[in-house]
Amino acid sequence: MTTDTFYAAVPKVRAFGDLSDPSVFAPLPSDWHLCCTDIVNSTGLVQAGRYKTVNMVGAAVIAAMRNALGGEAFPYIFGGDGASFAVPPRHRATAGRVLGSLRSWTEAEYGISLRAAMLPLSRIRAEGLDVRVARYAVSDHADFAMFSGGGLAWAETQMKAGAFAVAAVPQAAPPDLSGLSCRWSNTPARNGIILSVVAQPAPGADPQGFARLAAEVLELAAELEDGGHPVPESGPRLQFPPAGLTLEAKASHGRLPVFLRQLHLFAHSALAGLIFLTRRRIGGFDPVHYLSVLRAHSDFRKFDDGLKMTLDCTPAVRDRIRQHLQQAAAAGLVQFGLHEQDAAMVTCIVPSPVEDDHIHFVDGAAGGYTQAAANLAAAFGSDKATA
């Protein structure tokens, strides 16, 4: 194994609960680079009702890098108002180019300022921190990276302070965002609440102690129907016209004006809506199978230097999760933030509708991870989530 092939050789974990064990995470090679992004004033944008746009921009980071690397596997994680990823040395220049073009694109298309930073792993380890990754396989066709070690959280804090910045490139070609879409409507809570959970180790906390806490919180979530999965077996709702039509039109760059791209997507969405409504196979596309894969490939829980979850939750389980986290916080083990809303949202990357490699990022539909992280910062004085 070489440093370039490191991630391809990381064993895939099949049970999410196993990720609470620190031993399943492997340290990134020291010559890799960590990249992170987030949206300036994302909390304000959420309060202004632009959370669908915020999620779209966060997912765009991943879509652009996936396309730039031609489908080659690399570790990435979606954070709601941004995304982070790591690359080997041979992709460093590509990552810088993509991040520079994304900063210009988000400003031009959506009027949103995107922070971006890139730094070597050696710089993180000089701080006594690490970046360790695991691969959680949701099926034979898709897996998600998980992060631990404290290095990613530190890098995000440095980015927000202006360090290691990747400059915008105003004259750059628009990023290739093929496959990025946000046509699904919000999915209402079936158990009363969509609960966004952001829990991270308190400074100086024992890693094994936090691992036990994460396992206990996951056990509480497992008591919920379907483990709290916010996407029902029938899939998310698809209203017509789709709420994210203009967002997707702006993301699908090309020579045509935005309004013509909107018309194209309008027609395409009408056909797709009819197919999903009738549940009938058309050519090589089976809508029932697609929805089952969508649900399986939804990242409603993750380890991101801590534990993040978007749960379809009952009030009773919410209370028990909060109480458990409060007790752990009083013991100096965890810092956490919760946020409640009545629906979840899904943002998708679909390279091909007839293949099973599509992935779907889940967040709360009214603040989600962004607001939960802001609540964490307010309660514990942390700068991790400063927007």
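User: With which residue does Asp319 form a salt bridge, and how far apart are the closest N and O atoms?

Analyst: The model is a predicted one. A salt bridge is read from the distance between a side-chain nitrogen of Lys or Arg and a carboxyl oxygen of Asp or Glu, with a cut-off of 4 Å. In this case Asp319 pairs with Arg318, and their closest N and O atoms are 3.0 Å apart. Arg318 and Asp319 also belong to a network of salt bridges that includes Arg322 and Glu340.

User: Are Asp319 and Arg318 buried or partly exposed?

Analyst: Burial is read from relative accessible area, and a residue under 20% counts as buried. Asp319 has a relative accessibility of 36%, so this residue is partly exposed. Arg318, in turn, is buried because its relative accessible area is 15%.

User: How many salt bridges does the structure hold, and which residue meets Arg115 in one of them?

Analyst: The structure holds 20 salt bridges. In one of them, the side chain of Arg115 meets that of Asp38, with an N to O distance of 2.9 Å. This pair links distant parts of the chain, since Asp38 belongs to strand 3 (residues 33–39) and Arg115 to strand 6 (residues 114–120), 77 residues apart. Both Asp38 and Arg115 are buried.

User: What distance separates the closest N and O atoms in the salt bridge between Asp38 and Lys160?

Analyst: For Asp38 and Lys160 that distance is 3.9 Å. Asp38 is in strand 3 and Lys160 in helix 6 (residues 151–160), so this salt bridge ties together parts of the chain 122 residues apart in sequence. The two partners may also be read by accessibility. Asp38 is buried because its relative accessible area is 4%, whereas Lys160, at 22%, is partly exposed.

User: How many residues of helix 6 are buried?

Analyst: A general point on helices comes first. An α-helix has 3.6 residues a turn, so residues three or four places apart point the same way. In this structure, helix 6 is mostly covered, with eight of its ten residues buried. The buried residues are Gly151, Leu152, Ala153, Trp154, Ala155, Glu156, Thr157 and Met159. They pack against strand 3, strand 4, strand 5 (83–87), strand 6, helix 5 and strand 8. Just after helix 6, Gly162 has a positive phi of about 95°.

User: Helix 5 is among those partners. Where does Ile124 lie, and which residues does it contact beyond its neighbours in sequence?

Analyst: Ile124 is in helix 5 (residues 121–125). With a relative accessible area of 0%, Ile124 is buried. Beyond its neighbours within four places in sequence, Ile124 contacts Leu34, Leu119, Leu129, Asp130, Val131, Gly151, Trp154 and Ala155. The pair Ile124 and Gly151 shows how sequence and space may be set side by side: the two are 27 residues apart in sequence, and their C-alpha atoms are 5.9 Å apart.

User: How far apart are Asp176 and Pro27 in sequence and in space?

Analyst: Asp176 and Pro27 are 149 residues apart in sequence and 30 Å apart in space, C-alpha to C-alpha. Asp176 belongs to the loop between helix 6 and strand 9 (180–181). Its relative accessible area is 37%, so Asp176 is partly exposed. The side chain of Asp176 makes a polar contact of 2.6 Å with that of Ser178.

User: Which side chain makes a polar contact with that of Arg135?

Analyst: The partner is Asp143, whose side chain makes a polar contact of 3.0 Å with that of Arg135. Arg135 is placed in strand 7 (residues 132–137), and its relative accessible area of 6% is the reason that Arg135 counts as buried. Outside its neighbours within four places in sequence, Arg135 has contacts that include Tyr7, Val10, Lys12, Ala73, Asp143 and Phe144.

User: How many cavities of 30 Å³ or more does the structure hold, and what lines the second largest cavity?

Analyst: There are three cavities of 30 Å³ or more. The second largest has a volume of about 50 Å³. Its lining consists of Tyr76, Ile77, Phe78, Phe144, Ala145, Met146, Asp299, Arg301, Lys302 and Phe361. Strand 4 (76–78), strand 8 (143–148) and strand 12 (301–303) each contribute at least two of the lining residues. By residue class, the lining of the second largest cavity has seven nonpolar, no polar and three charged residues.

Conventions
Residues numbered from 1 in each chain as written. Predicted model: local features only at pLDDT ≥ 70, side-chain atom pairs only at ≥ 80, totals over all residues. Heavy atoms only, no water. Helix = DSSP H or I, 4+ residues; strand = E, 2+ residues; numbered from the N terminus. Buried < 20%, exposed > 50% of the residue type's maximum accessible area, 1.4 Å probe, protein only. Polar contact = N/O pair within 3.5 Å; in protein donor to acceptor, adjacent residues only side chain to side chain. Contact = heavy atoms within 4.5 Å. 1 Å grid on protein atoms, 1.4 Å probe; cavity = no way out; pocket = protein on both sides within 12 Å on 5 of 7 lines; lining within 4 Å. Points joined across faces, edges and corners; volume = space filled by probe spheres on them. Nonpolar A, V, L, I, M, F, W, Y, C, P; charged D, E, K, R; others polar.
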